[in-house]
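Biologist: Can you walk me through this one? I have the sequence and the picture open.

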Protein chains: 2
Amino acid sequence: MKEKRKIVVIGGSAAGPKAAARAKRLDPDAEVTVIQKAPEMSMASCGYPYFVGGVFDNRNALLSTPYGEVRDPNFFLHTKGVTARTETEVVAIDRQSHNVCCRDLKTGATDDLSYDKLIIATGARPRKPVIPGVDLEGVTTLQSMKDADFLRKIRDDKTITKAVVIGGGLIGIETCEALQLSGIDITVIEMLPQILMFLDWELAKVLENHVRSKAANVITDVRLSSFIGEAGKLAGIRLENGTELPCQLAILATGVIPDIELAKNAGLTIGETGGLAVNEFMQTSDPDIYAVGDCVELIHRITGKKTRAPFGDLANLEGRVAGENAVLGNQVTFPGTIHTGICKVFDFSAGSTGLSEFRARQEGYENLVTVVNASLDKPEFMGAKLLISKMVVNGQTGKLLGVQCVGPGDVSKQIATAAMAILGKLTVSDLVTADLPYAPPFSLPIDHFIATAHLMENKLKGRLVGISAVQLKAQLNQGVPPFILDVRTPAEFDQMRLGIGETLIPVGELRDRLGDLPDDKDREVICYCKISLRGYEAARVLKAAGWKNVKVLEGGIMAWPYRREK
Amino acid sequence: MKEKRKIVVIGGSAAGPKAAARAKRLDPDAEVTVIQKAPEMSMASCGYPYFVGGVFDNRNALLSTPYGEVRDPNFFLHTKGVTARTETEVVAIDRQSHNVCCRDLKTGATDDLSYDKLIIATGARPRKPVIPGVDLEGVTTLQSMKDADFLRKIRDDKTITKAVVIGGGLIGIETCEALQLSGIDITVIEMLPQILMFLDWELAKVLENHVRSKAANVITDVRLSSFIGEAGKLAGIRLENGTELPCQLAILATGVIPDIELAKNAGLTIGETGGLAVNEFMQTSDPDIYAVGDCVELIHRITGKKTRAPFGDLANLEGRVAGENAVLGNQVTFPGTIHTGICKVFDFSAGSTGLSEFRARQEGYENLVTVVNASLDKPEFMGAKLLISKMVVNGQTGKLLGVQCVGPGDVSKQIATAAMAILGKLTVSDLVTADLPYAPPFSLPIDHFIATAHLMENKLKGRLVGISAVQLKAQLNQGVPPFILDVRTPAEFDQMRLGIGETLIPVGELRDRLGDLPDDKDREVICYCKISLRGYEAARVLKAAGWKNVKVLEGGIMAWPYRREK
């Protein structure tokens, strides 16, 4: 009789259980065991902020199947045929003897478990800044079910009035929203010049302004120097610029670091990014050991370089690949990531796929072309909402490198569409005629994504000369103001305006009022409207009339990240 | 001095104005004239049903820019630099002399207008069935602003209690919803066996059931024989099966036919589908004449054959291409369509891109593989809604041929993602590891689209043997019932069940209750649950335990298009 294959999976949160279930389905004779440190398994950890914020109240929903069965060891045994041991830690991997040493966290007892193939899914842990007071009571993270329970209790008990979130990344912003919805006065502290580093600065600022409009404060460009305690409890924080903020709660959201101690101690190769190195089969430097989830490093599919991508969706997809390869031999590959991500930020969403301009420049791309487009997501009469996108392409090849999108509109569809376009290696000339679903309840006749590609095409062909808000602002700061032309209606101007020395000439009057423009046809003229569609129209009129240096302010007023006069 | 280029555009609804504006922007010296028969221009005609149904009340919203300016000849002149003549008909094209003969519909006066390049955008008109009584008062269409005004007045006046919609296509179903929302008792009459022919039968039935649940009746598979009049007014309809339905209003939605009389009379080539033939530059058989919008035929990008695709989004994209080519020479191409479409059907949406199974078989594709997947669109705790998708791939190459999706969930994102995947020529093995945006407010960790691809991969690799609801039903009708296994919980079974002779064994008990299965290991066993994820799990368990002929009912109970016991 054939020996039953033994598969051991270390980690029972996301990637681990997926790998285990897949392995068992494809080799029903295999003995599959999952070792999990926490008391819970298969936690929907991305849902913690929504539980904390009171979007739903049933804690079990985070731990259950859609039909209400809790994913505990009993569920795994009977439904999946997988043995799961919770509150158990793997303390060592003996690659020679193909054993892992387990310790029961309740009893302290240890035992050895042998494996034919091992799958490491140890995840990542919150980065804990080395700052005085970091161990005070009231300084926490939102990483585990225990953290979620702790913060949810704070919401329910209403014991806290002021909190800070350290770190303005995805988790930080989601946590900020959760606590703000709990009625807590929140300040987000970010040491970088912006929140949400997957966005370029100008889009991040739009989000930052939105967060502030929701009465959560955001302080960027400043480092935390210490947590201030009173009788062992957190009482406030001190920033490097000397500012002190009183608070009874601080949530650390300064990123995660791969949990690779076990793998490192076993002599497995650690990659340049600090994640466990794996090949395309999700196999570590030991062919009998696979690794998946937040502890590994992946290939960035655009740059070809190593990167980390601790996202719940990828963890599942990696687990599926490793589970199959562990039992069937190396059958399937995981090609890597394009860093697609999205988060909800109060009434806005923010998403990104591929490379931002900042990231692309960091990676050494030259000849980048970018464009910012602001438009509604569907016709106004259908209850439209705003979308602001930034598209980044390789100017040489026209290939799409990245898209970011923010706003109250349907960001999720925009980013999914863009991600698929990047995976399909499409160029701008493919995108301008894309056949996307249109009906008024869902999109504009020319979908925002295609309209962004149209602007990009106009730019690539030299028909649209754009200027970003950042560039214009820099020029204004240097005291060399161009002629600035707002081409909206007087009613719109009364309601909202930049106040940067602009002249108002509605686009419909422009052809008759060319005399109001500078006589000097070489003078730089910047046109804009609410979203710069009319701005583009105006620029074409002026160019036709002989002005040589006409630019369009990309994204118009809606994408202006600075303070407006009105 | 260079002669100014003269561009004449026939048709001012969607494709025409887009072509005109684009031409003028790219050649500001050109004299661009649009001739429009209707009194209105640039109507958001896809919005008519929502105006009729009272989703919004401001009629002008259908005719205005997002900033509230009505797109009338004055707007076109001042904002776009384009001359527009409304209530004017082109009665003949003289290709020899490069003239069009125009007639003013108010005065009857005619004049000639010369062109260098002509763009035909004459659209399509409703197909009017040759049936007694079709000209009775009360028989109408929803094609023009006048129609929309007429139907809106009916809503506002509440003069009508019973209406029928002839034709269950996209426009028919949208019109049905609009009138039902107006408090009118509605019946949709469709001569084919199903509504919404862009969907395969089983998905269309899910929609049909939903429409019925909203108190609008649907009768398929029956032809209309006559409209019954009383004193010149519609009083009812008679079907070929003898049924008579009283009604005071009938809306014809039996498709559109390209308006090509003018082009035909001018000797331009008409294509095999009845649309005006154009090349990839949107140029007709006369190099000085382009054509765009609902009057042309296009290339189907998957089959390579000619097809018609009268959609508002494509009209705009085609107009943009023709406008550019008319003034700059043949610079840009329009590659055709993949028939991407979507519509709202009460609380459900229905979308499709690429080929349905029915269509693919019609086109002669062999070795097709299809899969139906039902799942939530996001985690249950975030207020998830159901999605049911059907994916069609080429079994030889694994290339994605089409995706249909219906349900109350986020169908629009699913179809946009699928459309982009088809345009990128992606295969199932590309889709199973796609990097899409994930966060709980927007999707499941494994997005519905990727999950569908996972099922498809399992099927392609022989790990999942599916049976469609249609196949199972046929088998049951033949009196050869397989062993049918529902693997949900008893509570779920109490609430909802098929009642087709199934046995209930919850998946978690299955491994311990194999004795309850048929002794004959060759007996066909069909497993399912609510959406067939647990059904798949169960099938793997049974296969491992030796049953040889185990199938999964695709889409489970949620995709079952027939009457359920409960």
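Modeller: Start with helix 10 of chain A: at 1.5 Å a residue, its 13 residues should span 18 Å, and the end C-alpha atoms are 18 Å apart, which agrees. The expected span of a helix is 1.5 Å times one less than its number of residues. Helices (H or I, at least four residues) and strands (E, at least two) are DSSP runs, numbered from the N terminus.

Biologist: Where do the numbers and letters come from?

Modeller: Residues are numbered from 1 along each chain as its sequence is written, and chains are lettered from A and ligands numbered from 1 in the order in which they are written. This is a predicted model: local features need pLDDT of at least 70, side-chain atom pairs count only at pLDDT 80 or more, and totals for chains, interfaces and linings use all residues.

Biologist: Back to helix 10 of chain A. How many of its residues are buried?

Modeller: The helix is mostly covered, with 13 of its 13 residues buried. A residue is buried if 20 or more other C-beta atoms lie within 10 Å of its own, exposed if 12 or fewer, and partly exposed in between, with C-beta atoms placed from the backbone.

Biologist: And what is the phi of A:K425, which follows the helix?

Modeller: A:K425 has a positive phi, near 55 degrees. Most residues other than glycine have a negative phi.

Biologist: How many residues does each chain put into the contact?

Modeller: Chain A gives 74 residues and chain B gives 74 residues. Two residues are in contact if their C-beta atoms, placed from the backbone, lie within 7 Å. On the side of chain A that touches chain B, the elements giving two or more residues include helix 3 (73–80), helix 8 (312–328) and helix 16 (533–544) of chain A. Helix 10 of chain A gives the most to that side, with nine residues.

Biologist: What classes of residue are on that side?

Modeller: The side of chain A that touches chain B has 41 nonpolar, 18 polar and 15 charged residues. Ala, Val, Leu, Ile, Met, Phe, Trp, Tyr, Cys and Pro count as nonpolar, Asp, Glu, Lys and Arg as charged, and the others, Gly among them, as polar.

Biologist: Why do the copies meet through the same surface?

Modeller: Because 100% of the interface residues of chain A are also interface residues in chain B.

Biologist: What turn lays chain A on chain B?

Modeller: A turn of 180 degrees with a shift of 0.0 Å along the axis does so, with an RMSD of 0.0 Å. The two copies are thus related as by a two-fold rotation axis. Copies are superposed by least squares on the C-alpha atoms of residues with pLDDT of at least 70 in both.

Biologist: Now sheets. What is the strand order of the open sheet in chain B?

Modeller: The order is 13-14-15, three strands with antiparallel pairing. Two strands pair if DSSP finds at least two bridges between them. Strand 13 (224–230) and strand 15 (244–246) of chain B are the edge strands, each pairing on one side only.

Biologist: How many bridges join strand 13 of chain B to strand 14 of chain B?

Modeller: Six bridges join them, and B:G229 stands opposite B:L234 in strand 14 of chain B. The two strands form a hairpin with two residues between them, and B:A231 in the turn has a positive phi of about 55 degrees.

Biologist: What about chain A, with the order 4-5-6?

Modeller: Those three strands form an open sheet with antiparallel pairing. Strand 5 (residues 99–104) and strand 6 of chain A pair over five bridges, and A:C101 has A:D112 as its bridge partner.

Biologist: Different topic: is helix 8 of chain B enclosed or exposed?

Modeller: Helix 8 of chain B is largely enclosed by the rest of the structure, because 16 of its 17 residues are buried. Just after the helix, B:G329 takes a positive phi of about 85 degrees.

Biologist: Last one. Where is B:N367?

Modeller: B:N367 is in the loop between helix 9 (357–362) and strand 23 (368–376) of chain B. With 9 C-beta neighbours inside 10 Å, B:N367 counts as exposed. Its phi is positive, near 55 degrees, in a residue other than glycine.
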